[in-house]
Amino acid sequence: MPLFGKSHKSPADIVRTLKENLAILVKQDKKTDKASEEVSKCLVSMKEILYGSNDKEPHTETVAQLAQELYNSGLLITLVENLQVIDFEGKKDVCQIFNNILRRQIGTRCPTVEYFCSHQEVLFVLLRGYETPLVALNCGIMLRECIRHEPLAKIVLQSTQFHSFFNYVEMSTFDIASDAFATFKDLLTRHKVLVAEFLEQNYDVVFENYEKLLPRLMFVMTRYISKSENLKLMMNLLRDKSPNIQFEAFHVFKVFVANPNKTQPIADILLKNQTKLIDFLSNFQKDRSDDEQFNDEKTYLIKQIRDLKKPAS
């Protein structure tokens with residue numbers, strides 16, 4: 001049977017149509033409404049190829065064709081460079097497509113990691129995304145997925161742009177500053193041998209800047225995790241349809257749970273939902289079985305929630 005029916009475009013057609021209509025959006029021609037609609041349709045079609053739809057699993061050969069078209073056309077980089085012209089839902093779709101393609105493996109190879117190693121500019125476009133509020137959080141999601149891979153983390157660490165983090169974590173917009181700090185933390189904790197070598201060579205510069213930031217970072221984080229509405233928001237996001245949004249919410253949620261000086265409203269919410277949270281976290285993102293750090297953190301959070309006690313009356 002043919003891979004593509006009459007109503008379904010091939011990966012090459014989808015990539016070509018998306019690239020053409022994205023160019024119209026960038027130029028702000030008169031046909032932007034139609035182009036925006038076409039961009040959205042193409043992104044949805046790409047997601048269906050990568051994630052499957054309804055009861056249909058992704059087709060390996062079609063996924064491979066789409067990946068190759070994205071590499072050959074340079075569209076992955078173009079999408080990141082022009083993310084601001086794509087509508088809200090489209091931005092989320094780009095994040096999911098980008099991260100899915102990035103995780104793709106062929107045996108022990110990660111083709112997209114190899115591709116980005118030879119097209120390093122995408123990493124720095126994502127990093128500079130923190131300077132544009134409209135796309136900052138989307139860029140943060142994609143950049144954190146990149147630095148899960150040691151070769152890409154090494155490129156960022158060893159670049160002059162690494163020091164931009166010290167500016168981004170001090171930005172006046174709290175959400176952006178927090179997101180930049182989450183990325184900064186991942187970069188300095190995920191690949192222990194790589195980071196140890198980097199810090200040994202750059203210790204004075206890194207820690208001089210870090211010590212200047214520490215009081216502000218502590219103030220901001222303490223203020224954020226003291227508010228019960230922020231905890232409720234994270235608990236809702238943990239159940240979002242997007243696994244990427246769930247994963248990002250998990251990294252903020254764990255700060256509420258691990259905080260040894262919880263406010264009473266925070267403790268009350270965790271106690272009220274104690275059993276549900278333990279059951280939920282026990283089954284949360286089990287497909288990340290190879291992520292040792294994530295699973296250790298999840299086990300730790302379950303223990304912390306289980307050990308919560310009601311205050312003595």
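Trainee: Which residues form one aromatic cluster?

Mentor: Phe162, Phe165, Phe166, Phe184 and Phe198 form it. Keep in mind as we go that this is a predicted model.

Trainee: What makes two rings count as an aromatic pair, and how many aromatic pairs does the structure hold?

Mentor: Rings pair if their centres lie within 6.5 Å. By that cut-off the structure holds 16 aromatic pairs.

Trainee: How do you know that the charged end of Arg288 sits over the ring of Phe247?

Mentor: A charge has to be within 6 Å of the ring centre and within 35 degrees of the ring normal. The charged end of Arg288 is 3.6 Å from the centre of the Phe247 ring, and it is listed as sitting over that ring. Arg239 makes a similar case: its charged end sits over the ring of Phe280, 4.5 Å from the centre.

Trainee: How confident is the predictor, going by the pLDDT of the protein chain?

Mentor: The chain averages a pLDDT of 89, and 96% of the residues score at least 70. Residues 1-7 need some care, with a pLDDT below 50; beyond near neighbours in sequence, that stretch has 9 contacts in the model.

Trainee: What is the secondary structure of the protein chain?

Mentor: It comes to 17 helices and 0 strands.

Trainee: Why is the chain called as compact as a globular protein of that length?

Mentor: Its radius of gyration is 21 Å, and the globule rule gives 20 Å for 313 residues; the two values are close, so the chain is called as compact as a globular protein of that length. Its C-alpha atoms fill a box of roughly 70 × 45 × 45 Å along the principal axes. Buried residues make up 47% of the 313 residues. Of the contacts with a separation of 6 or more, 70% are between residues 24 or more positions apart.

Trainee: Why is Thr17 called buried?

Mentor: Buried means under 20% relative accessible area. Thr17 has 12% relative accessibility, so it counts as buried. Thr17 lies in helix 1, residues 11-27. Leaving out residues up to four places away in sequence, Thr17 touches Lys9, Glu38 and Cys42.

Trainee: Is Cys42, which Thr17 touches, buried or exposed?

Mentor: Cys42 is buried, because its relative accessibility is 4%, set against a limit of 20%.

Trainee: How do you know that Cys42 is in no disulfide?

Mentor: The two sulfur atoms must be within 2.5 Å, and the count by this rule is 0 disulfides. For Cys42, the nearest cysteine sulfur belongs to Cys95 and is 18 Å away. Cys117 is in no disulfide either, with the nearest cysteine sulfur, that of Cys146, 10.0 Å away.

Trainee: What makes Cys117 partly exposed?

Mentor: Partly exposed is the range between under 20% and over 50%. Cys117 has 29% relative accessibility, so it counts as partly exposed. Met221 is also partly exposed, because its relative accessible area is 29%. Met221 lies in helix 12, residues 192-225. From Met221 to Phe256 the distance is 9.8 Å, C-alpha to C-alpha, with their positions 35 residues apart in sequence.

Trainee: And why is Gln274 called buried?

Mentor: Its relative accessible area is 18%, so Gln274 is buried by the limit of under 20%. Gln274 is in helix 16, residues 274-282. Not counting residues up to four places away in sequence, Gln274 touches Ile305, Arg306 and Leu308.

Conventions:
Residues numbered from 1 in each chain as written. Predicted model: local features only at pLDDT ≥ 70, side-chain atom pairs only at ≥ 80, totals over all residues. Heavy atoms only, no water. Phe/Tyr/Trp six-rings, centres within 6.5 Å; stacked < 30°, edge-to-face > 60°. Helix = DSSP H or I, 4+ residues; strand = E, 2+ residues; numbered from the N terminus. Buried < 20%, exposed > 50% of the residue type's maximum accessible area, 1.4 Å probe, protein only. pLDDT = per-residue confidence, 0-100. Contact = heavy atoms within 4.5 Å. Rg over C-alpha atoms; globule rule 2.2 N^0.38 Å.
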